[in-house]
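Okay, thanks for making time, everyone. I'll put the structure up and then talk through the bits I find worth a look.

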Amino acid sequence: MNSMEIINFRFNDLQVNTFIVIDTDTKQCVIIDPGCYSNQECDFLVNYISKNKLSPKFVINTHCHSDHILGVKFITDYYKIPFLANINDQYLLDSAEKFAYRFDWNVKLPIIINQPTKDGDIIKFGNSELKILHTPGHTPGQQAIYSDKEKFMIVGDTIFKGTIGRTDLPGGDLDQLMDSIKNKILTFDPDFTIFPGHGESTKVSIEMTENPFFNLFGEEKFDIE
């Protein structure tokens, strides 16, 4: 019976959640938000893939802030696989060096979006598939990557356990972010697991009832100026 396995690593100074989603039947996998930066982190990821006899097919990013793309070029070059992201985040790739400079990172460039993704796209690997949900607000190209069958979504920096993503960076939009959370993410089955870009996982049901920005019905509890 087909199923998926999700492996989570935390990389770089900002502890980005990097995910490997594995089709357990075929061992094909996709790598999401590769934040691996140091040689040790990159080697760790490659060694895990080799040890477990996995076959990477795509790199997919929820968004293209510098901390989430540090390992993209290394992995796409190493495995000769395409990079998938929303084209609305191209400006972040174009200015990656400027933003990475703040953290003294040397981003490996150029990073090319080989397959632009959009709302409703289906990403197939092995006998599994993931779907794309455009959730702008943190960035214009922010997207969630989810599975109806397995009831999980990888949401990047849109929502975290008990809080929401920041919108004070270039391209951020608070109204868009709140709309993406309330009218997209929180409309999923309450049993869905949410894997954010940083920190621990949560559930749709938990964020509907316990996130201070929302109540049981996904409405804001207070206005945010």
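**Aromatics, core and loops**

Let's begin with the rings: Phe9, Phe11, Phe44 and Tyr48 come together as one aromatic cluster. Before going on, keep in mind that this is a predicted model. Searching the whole structure turns up 11 aromatic pairs. One of those is phenylalanine 188 with phenylalanine 192, an edge-to-face pair with 5.0 Å centre to centre and 65° between the planes. And are those two buried or exposed? Phenylalanine 188 and phenylalanine 192 are both buried.

Okay, zooming out to the whole chain. The secondary structure adds up to 7 helices and 14 strands. How does the radius of gyration look for 225 residues? A compact globule with that many residues would have a value near 17 Å, and the chain has 17 Å, so the two agree. If you prefer a box, the C-alpha trace spans about 45 × 45 × 25 Å along its principal axes.

On burial, 53% of the 225 residues count as buried. As for the surface, the chain exposes about 10,300 Å², with carbon and sulfur atoms supplying 49% of that. For the electrostatics people: there are 21 positive and 32 negative charges, and their mean positions sit 7 Å apart. And for anyone who likes contact maps, take the contacts between residues at least 6 apart in sequence: 62% of them join residues at least 24 apart.

Now some individual residues, starting with threonine 18. You'll find threonine 18 in strand S2, residues 16-23. Its relative accessibility is 0%, so threonine 18 counts as buried. What does threonine 18 touch, beyond residues up to four places away in sequence? The list includes Ile7, Asn8, Phe9 and Phe11, and Phe9 and Phe11 are members of that aromatic cluster I opened with. Threonine 18 also touches a run on the other side of the list: Ile31, Ile32, Asp33, Pro34, Gly35 and Cys36. For Ile32 we have a C-alpha separation too: 5.9 Å from threonine 18, with their positions 14 residues apart along the chain.

Pro34 comes back with the next one, valine 72. Valine 72 belongs to helix H3, residues 72-79. It's buried, because its relative accessible area is 1% and the cut-off for buried is under 20%. Setting aside neighbours within four places in sequence, valine 72 is in contact with Pro34, Val59, Asn61, Phe83 and Ile111. Isoleucine 112 is 40 residues from valine 72 in sequence, and their C-alpha atoms are 9.4 Å apart in space.

Next, phenylalanine 195, over in strand S13, residues 193-196. Phenylalanine 195 has a relative accessible area of 17%, so it is buried. Leaving out neighbours within four places in sequence, its contacts are Ile6, Phe19, Phe152, Met153, Ile154, Val155, Gly156 and Ser201. Tyrosine 146 lies 49 residues from phenylalanine 195 in sequence, at 9.8 Å C-alpha to C-alpha.

Okay, now the loops. The loop between helix H1, 39-51, and strand S4, 55-60, is where leucine 54 has its place. Buried or exposed, this leucine 54? Buried, at 11% relative accessibility. Leucine 54 touches Ile20, Ile22, Lys27, Cys29, Tyr48 and Ile49, not counting residues up to four places away in sequence. You'll recognise Tyr48 from the aromatic cluster. For a longer stretch, leucine 54 and serine 201 are 147 residues apart in sequence and 24 Å apart in space, C-alpha to C-alpha.

That H1 to S4 loop also holds lysine 53. Lysine 53 is not a glycine, yet it has a positive phi of about 55°. With a relative accessible area of 68%, lysine 53 is exposed, whereas leucine 54 is buried.

There's another positive phi in the loop between H5 and S6, at aspartate 104. Here phi is about 60°, and again aspartate 104 is not a glycine. Aspartate 104 is exposed, with 67% relative accessible area.

And what is the peptide bond from leucine 109 to proline 110, cis or trans? That bond is cis, with omega near 0°. Proline 110 sits in the loop between helix H5, 96-100, and strand S6, 115-116, and that loop holds aspartate 104 as well.

That's my tour, happy to take questions.

Conventions
Residues numbered from 1 in each chain as written. Predicted model: local features only at pLDDT ≥ 70, side-chain atom pairs only at ≥ 80, totals over all residues. Heavy atoms only, no water. Phe/Tyr/Trp six-rings, centres within 6.5 Å; stacked < 30°, edge-to-face > 60°. Buried < 20%, exposed > 50% of the residue type's maximum accessible area, 1.4 Å probe, protein only. Helix = DSSP H or I, 4+ residues; strand = E, 2+ residues; numbered from the N terminus. Rg over C-alpha atoms; globule rule 2.2 N^0.38 Å. Contact = heavy atoms within 4.5 Å. Areas by Shrake-Rupley, 256 points an atom, 1.4 Å probe, with all protein chains shown as cover. Lys, Arg positive; Asp, Glu negative; His and termini not counted. Charge placed at Lys NZ, Arg CZ, Asp CG, Glu CD.
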